[in-house]
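Open the model in your viewer and keep the sequence panel beside it. This tour says what to select at each stop and what you will find there.

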Amino acid sequence: MKKSNSLFGKNIKNFALALMATFAISCSKSDDAVPEKIYEEENPLALYLQGSGFNAATTNFINSGNYEFGYRFSPKVKGKINAITFKIPDNATNTRVTIWDNATKTVLKTITIPTTTANMESKTAIEPFQLEANKEYLITYNGNDWYKRNKVDNSDSTYPIASGNISILGYQWIGGSTQTYPTNLSSNYYAGDLSIVFQQMN
């Protein structure tokens, strides 16, 4: 009987040791897992205006004819647009914003900004829209109100302009109220304000 009890005790001890080893390995694997990095959101507009020099002089245009206009850009890294920011010198409703594939000049996404209060920046959250690194996009809005921003001497700015993880490649516009790809380029001013809230992805 003593021998049997001794064997039983040894088996219990071995089982306990095996259980502890399994638990230790499981914990080790869990501890080794690298958590996904969450990157800060960024809005390239302020750095764009600063880098271009278009923050030196501003003129308000209100009810001045409809245009489709905005900036062309390229992300340096893979990321997503989480929201749209918008500010103009007049009230507006149902402003249409378009994200374009610049290479094909086709519409990728249309967003409606329900209401805008004059001189107050709005932020409209959207379902995250993924962007490819080094691909060219264009974001525009259609309206008849804008801030015209330029240098004091009205000289041209040189593109591209670095703005965090976004490269601003140019400002484009076209007259009319239809959703039409803007083919005109201007280097001596920017009209808006429209921008994106961008977040890098792993």
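Start by selecting strand S3 and strand S8, residues 137-143: the two pair in the antiparallel sense over seven bridges. Keep in mind that this is a predicted model. To see one place where these strands meet, pick Phe73, whose bridge partner in S8 is Tyr137.

Keep S3 selected and add strand S11, residues 166-175. S3 and S11 also run antiparallel, and nine bridges link them. Here Glu68 is the residue to click, with Ile174 of S11 standing opposite.

Is S3 enclosed or not by the rest of the structure? Show residues 67-75, the whole of S3, together with their surroundings. Eight of these nine residues are buried, meaning under 20% relative accessible area, so the strand is largely enclosed by the rest of the structure.

Next, look at the nonpolar side chains. In soluble globular proteins, such side chains tend to be buried together. The largest nonpolar core in this model has 35 residues. Select Tyr48, Phe73, Ile81, Ile84, Ile139, Tyr190 and Ile196, the members that touch the most other members. Phe73 is the residue you clicked before, as the bridge partner of Tyr137.

Now centre the view on Ile84. Which residues are in contact with Ile84, leaving aside its neighbours within four places in sequence? Among them are Val97, Ile111, Ile113, Ile126, Ile139, Leu194 and Ile196. The list also includes Ser122, Lys123, Thr124 and Ser195.

Move on to another sheet selection: S2, S9 and S13. These three strands form an open sheet in the order S2-S9-S13, with antiparallel pairing. At its edges lie S2 (57-61) and S13 (190-192), each of which pairs on one side only. From one strand to the next, the twist averages 25 degrees.

Within this sheet, select S9, residues 146-150, and S13, which pair in the antiparallel sense over three bridges. Click Arg149 and you will find Tyr190 of S13 opposite. Tyr190 is also one of the core members listed at the earlier stop.

Finally, zoom out and colour by secondary structure. The chain has two helices and 14 strands. Of its 202 residues, 40% are buried. Switch on the surface: the chain exposes about 11200 Å², and carbon and sulfur atoms supply 53% of that area. If your viewer can draw contacts, consider those between residues at least 6 apart in sequence: 83% of them join residues at least 24 apart.

Notes. Residues numbered from 1 in each chain as written. Predicted model: local features only at pLDDT ≥ 70, side-chain atom pairs only at ≥ 80, totals over all residues. Heavy atoms only, no water. Core = buried A, V, L, I, M, F, W, Y, C linked by side-chain atoms within 4.5 Å. Buried < 20%, exposed > 50% of the residue type's maximum accessible area, 1.4 Å probe, protein only. Contact = heavy atoms within 4.5 Å. Pairing = 2+ DSSP bridges. Helix = DSSP H or I, 4+ residues; strand = E, 2+ residues; numbered from the N terminus. Axes fitted to C-alpha atoms, helices over the stretch in contact; angles between N-to-C directions. Areas by Shrake-Rupley, 256 points an atom, 1.4 Å probe, with all protein chains shown as cover.
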